[in-house]
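Ready for a few short exercises? Have a look at the fold first, then work through the steps.

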Amino acid sequence: PKAGGAGESISARCECTFEYAALGGKLTLSISAEGTLTGNTFEGTVSTGRVQAQVSATLGGSGLAKGTFSLPLTPIADVYAVLADLAPEAHRAEMRGKVSAKGDFGLFPLVFHVEPAVEAFAVDGLVGAEYRIGAIEFTGRDEAKQPILIRSGEGSPGWMSLAEFGPMLPMAVVSAEDAGFYRHAGFDISGIKAAATDNERLGKIARGGSTLSQQLAKNLFLTPERTYARKIRELLYAVEMERELGKDRILELYLNVVEWGPNVRGGKAASEAYFLKQPAGLLPEEAAFLSSILRNPRGGWEKQYVGGRVQTSRLKWILDNMRGLSPEDRAAALGREVHFVPPVSP
């Protein structure tokens, strides 16, 4: 240390490899750090690629570190270039816009909390024009959770236009899954911040903060595991879908491709399986029930449908937040029980 306890200037470089289950892959980075070390406290700049952040960290043995960081306004493309090991789409997507951020971190084990601010984010090159109309294919999971090829889109069995779904199911799905759907550009910063806070508190990825557009991206292009890699990948698809497809097409695709239980895919199949109805004939409480199990469709099918344990508190919350539902219809729905088609016995 220098006289007066001001600390000493340090410069360090490393080829660092990060590999955690929550990360969802292996990330190798060339990292350089420049700053001042006083005791075991570092203050300075950490850089990788074209990304440079101000960092304040407390260092320990065996690579242990925890602290805070601040990222100035940086091109989003530069951030994704650093994360290309986790998001291969970064090599073929054209990205515009900038991001700044501040947050906390810890290494060994990995803990990460970030509060971003995004400006003019746009993506091109990932979502083809075929998703606007016509047949599509994507990978889903069968009853045994094994990958299967699924065909959907106009002309496929069970496909319905948004208008054919009627008002209740789209209204309930937006209420349950993404109340800000018609206001955001594919991502919700407040939702991301809230999810990061919950995940930090629980020490695992328990909440994703995903918009309906991000959920559709997961279903069409990615796999369902909860990792940081999947989150940064689905964000690219969601942002491009907002521009390329628009809100109504995104909601139409979502209602047709998401899972509502084992071997139950799409709103038409769900309405028939649970209520022996077409979606346009659903009562508000029936649409609210179908929407209530989307976060865990197989678990909802098992517990609420087969087990008969309807989550009435969540059902009420969805009905209370269904914009467009009249007070009279809401009151009537809250006063009725949900009656299913009896489950098929094993």
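Three exercises follow, all on this predicted model.

**Exercise 1.** Work out how the span of helix 5 compares with the expected value, and whether its residues are mostly covered or open.

*Solution.* Start with the length: helix 5 covers residues 228-244, 17 residues in total. From first C-alpha to last, helix 5 reaches 25 Å, close to the 24 Å expected at 1.5 Å a residue. Next, the surface: 13 of the 17 residues are buried, so helix 5 counts as mostly covered. Finally, step just past the helix, where G246 takes a positive phi of about 85 degrees.

**Exercise 2.** Find the salt bridge inside helix 5 and say how its partners are spaced.

*Solution.* Look for K231 and E234, whose closest N and O atoms are 2.7 Å apart. Both sit in helix 5, three residues apart, about one turn of the helix. Why does that spacing work? Since an α-helix has 3.6 residues a turn, residues three or four places apart point the same way. Now check burial: K231 and E234 are both buried.

**Exercise 3.** Trace how strand 6 pairs with strand 5 and with strand 7.

*Solution.* Take strand 5 (residues 65-75) to begin with: nine bridges join it to strand 6 (residues 94-107), and the two run antiparallel. One reference point is A65, whose bridge partner in strand 6 is L107. Then move to strand 7 (residues 111-124), which pairs with strand 6 over 12 bridges, again antiparallel. Here D104 stands opposite H113. Between strand 6 and strand 7 the hairpin has three residues, and F108 takes a positive phi near 60 degrees.

Note on methods. Residues are numbered from 1 along each chain as its sequence is written. This is a predicted model: local features need pLDDT of at least 70, side-chain atom pairs count only at pLDDT 80 or more; totals for chains, interfaces and linings use all residues. Side-chain values use heavy atoms; hydrogens and water are left out. Helices (H or I, at least four residues) and strands (E, at least two) are DSSP runs, numbered from the N terminus. The expected span of a helix is 1.5 Å times one less than its number of residues. Buried means under 20% relative accessible area, exposed over 50%, partly exposed in between (1.4 Å probe, protein chains only). Two strands pair if DSSP finds at least two bridges between them. A salt bridge is a side-chain nitrogen of Lys or Arg within 4 Å of a carboxyl oxygen of Asp or Glu.
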